[in-house]
Structures are given as structure tokens and as C-alpha cells.
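Hello,

Here is the structure I promised to pass on. Please have a look at it first, and then read my notes below.

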Amino acid sequence: ASRRRMDRKEAPSVIDLPKLLRSLYPPGSHQEFRSIQSSGSSLVSFSSDPPPSLPHRNIYVGVQPRTREDGHASSIPYYVALVADLDKDADTTKRSLGRLAAAKLHPSIVVASGSPGAIHTYHLLKGPTPKLEAEPVAKAWCRWLESHAVHDPARILRVPGTRNWKPDGGMCRVLRWIPER
């Protein structure tokens with residue numbers, strides 16, 4: 001039942017990625033993109049458009065907007081979303097989604113991260129929320145959902161429309177998107 005409720009509004013088959021990213025980032029903020037090779041070498045860029053999906057490079061985006069071209073937490077004064085990285089195992093993901101459904105806290109964005117059964121959930125906040133207020137809530141949110149620790153403001157997650165280059169990886173894609181906050 002919870003799975004059905006989570007999918008009640010499915011994402012369109014073609015996602016306007018720049019529009020989705022604009023729903024996260026207020027005008028004038030910076031978006032951090034990281035392109036990481038399996039060897040660990042990393043390229044960092046700040047722009048309004050993600051880099052192209054490149055062979056053997058995992059593409060990530062900073063979830064919270066930056067006020068300058070800097071990937072450190074000090075360049076992030078506020079949060080725009082609570083996020084969860086649910087990929088520990090199928091039972092944990094099911095339990096976490098059940099908690100959200102029971103509390104009627106439906107994610108604004110659900111992303112299949114490219115690993116089997118792994119998803120990221122984004123709950124857009126009503127507006128930018130100061131880091132000092134949002135960070136403890138984000139930490140409790142991750143604990144409640146049994147998520148990986150993605151509460152820190154400088155966290156990066158995979159960009160939809162790019163490939164997860166892990167051995168069992170596939171395309172990272174949006175499963176659900178409700179742009180209204």
C-alpha cells in the first residue's frame with residue numbers, strides 16, 4: 001500500500017532537468033557538480049547545468065545551494081530540502097517508505113540512484129531554512145528514516161539522467177517529482 005501511495009504522482013517520462021534543479025536552487029545561488037572517476041579523481045564545477053554523463057564518471061550535485069563557488073559547508077547558509085539516501089537493503093528501504101506514507105510525508109522528488117532498489121528522497125522545504133535550524137532536523141530525519149548520513153549541508157547525491165558506474169549500476173532517474181513546495 002505504501003508503495004502505491006508513493007507513486008501516486010509519477011514523474012513525466014522526460015524530465016526537464018534544468019527545471020528540476022531550479023526547483024531546488026534559488027536564483028543567484030551556486031550549484032556544485034562533481035564528476036568522479038572510479039579511480040577517485042574528481043572534477044568540480046559550478047554552473048546552472050550538469051556536466052554531461054561521461055563514461056566511467058559518476059556525476060553528483062550538491063543538494064543544498066552554495067552562496068559561492070565552494071563545496072564546503074561554510075558556503076551553505078541554509079537548506080532547501082531534507083534528503084534521504086535509502087539503499088542499505090530492501091527491508092530498510094521498505095520500512096522507511098512505510099514510515100513516510102504512514103506520516104503522510106510524501107517526498108517532493110524520488111530518484112532511483114542507479115543501484116538496484118536504491119532511492120533518494122527529497123522533501124522540499126517551504127523556503128530557505130537557516131542551517132542552524134535545519135541541520136539538527138536533517139540529522140534526526142536521516143536517523144528516523146534509517147538513511148545514510150546525508151544530513152550534512154555539503155552532501156552530494158547523484159544527478160538524475162546520468163549513469164551509476166558501480167558494477168551493478170544503471171541509470172539514475174526521477175521516479176516522482178512534484179515541483180510545488
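Helix α4, which covers residues 131–145, holds both W141 and W144, three residues apart and so about one turn of the helix from each other. An α-helix has 3.6 residues a turn, so residues three or four places apart point the same way. Before going further, I should say that this is a predicted model.

How many aromatic pairs are there? The count comes to one aromatic pair. That pair is made by W141 and W144, with 5.6 Å from centre to centre and 45° between the planes, which makes the arrangement tilted. The two rings are not alike in their surroundings: W141 is buried, at a relative accessible area of 10%, while W144 counts as partly exposed, at 34%.

Another residue of α4 that I looked at is A138. Is A138 buried or exposed? With a relative accessible area of 5%, A138 falls under the 20% cut-off and is therefore buried. If we leave aside the neighbours within four places in sequence, A138 is in contact with Y79, L82 and H151. You may also want to look at A138 and V150: these are twelve residues apart along the chain, and their C-alpha atoms are separated by 8.2 Å.

One more ring deserves a look. R163 lies over the face of W165, at 5.0 Å from the ring centre.

Now for the overall picture. The protein has four helices and eight strands, and along the sequence they follow the pattern α-α-β-β-β-β-α-β-β-α-β-β. Of its 181 residues, 46% count as buried. If you take the contacts between residues at least 6 apart in sequence, 67% of them join residues at least 24 apart.

The strands include two open sheets, which I will take in turn.

In one open sheet, four strands are arranged in the order β2-β1-β3-β7, with antiparallel pairing. Why is one side of β2 and of β7 left without a neighbour in this sheet? β2 (42–46) and β7 (156–158) stand at the edges and each has a single partner strand, so one side of each stays without a neighbour there. On average, neighbouring strands of this sheet are turned by 30° against each other, direction ignored.

Inside this sheet, β1 has pairings that you can trace residue by residue. Five bridges join β1 to β3 (residues 57–62), and these two strands run antiparallel. Within that pairing, N58 of β3 is the bridge partner of I36, and V61 of β3 is the bridge partner of F33. β1 also pairs with β2 in the antiparallel sense, over five bridges; here R34 stands opposite V44 of β2. As a reminder for when you look at these strands, in a regular strand the side chains alternate between the two faces of the sheet.

The other open sheet also has four strands, in the order β4-β6-β5-β8, and its pairing is antiparallel. Its edge strands are β4 and β8, each of which pairs on one side only. The twist from one strand to the next averages 25°. Between β5 and β6 the pairing is antiparallel and runs over four bridges, and one example is I109, whose bridge partner in β6 is Y122. Helix α2 packs on this sheet, touching β4, β5, β6 and β8, and the direction of α2 makes about 55° with that of β8.

That brings me to α2 itself, which spans residues 17–24. Its buried residues are L17, L20, L21, S23 and L24. Why do they line one face of the helix? Seen down the axis of α2, the buried residues fall within an arc of 150°, so they line one face. What do they pack against? The strands they meet are β1 (32–37), β4 (78–86), β5 (109–112), β6 (119–130) and β8 (173–177). Note that this list includes β1, a strand that belongs to the sheet ordered β2-β1-β3-β7.

If you open the model, I would start with the W141 and W144 pair in α4 and then move to the buried residues of α2. I would be glad to hear what you make of it.

Best wishes

How values were computed. Residues are numbered from 1 along each chain as its sequence is written. This is a predicted model: local features need pLDDT of at least 70, side-chain atom pairs count only at pLDDT 80 or more; totals for chains, interfaces and linings use all residues. Side-chain values use heavy atoms; hydrogens and water are left out. Buried means under 20% relative accessible area, exposed over 50%, partly exposed in between (1.4 Å probe, protein chains only). The arc is that of the directions from the helix axis to the C-beta atoms. Contact means heavy atoms within 4.5 Å. Two strands pair if DSSP finds at least two bridges between them. Axes are lines fitted to C-alpha atoms, for helices over the stretch in contact, and angles run from 0 to 180 degrees between N-to-C directions. Rings of Phe, Tyr and Trp (its six-membered ring) pair if their centres lie within 6.5 Å; planes under 30 degrees apart count as stacked, over 60 as edge-to-face and the rest as tilted. A charge sits over a ring if NZ of Lys or CZ of Arg is within 6 Å of the ring centre and within 35 degrees of the ring normal.
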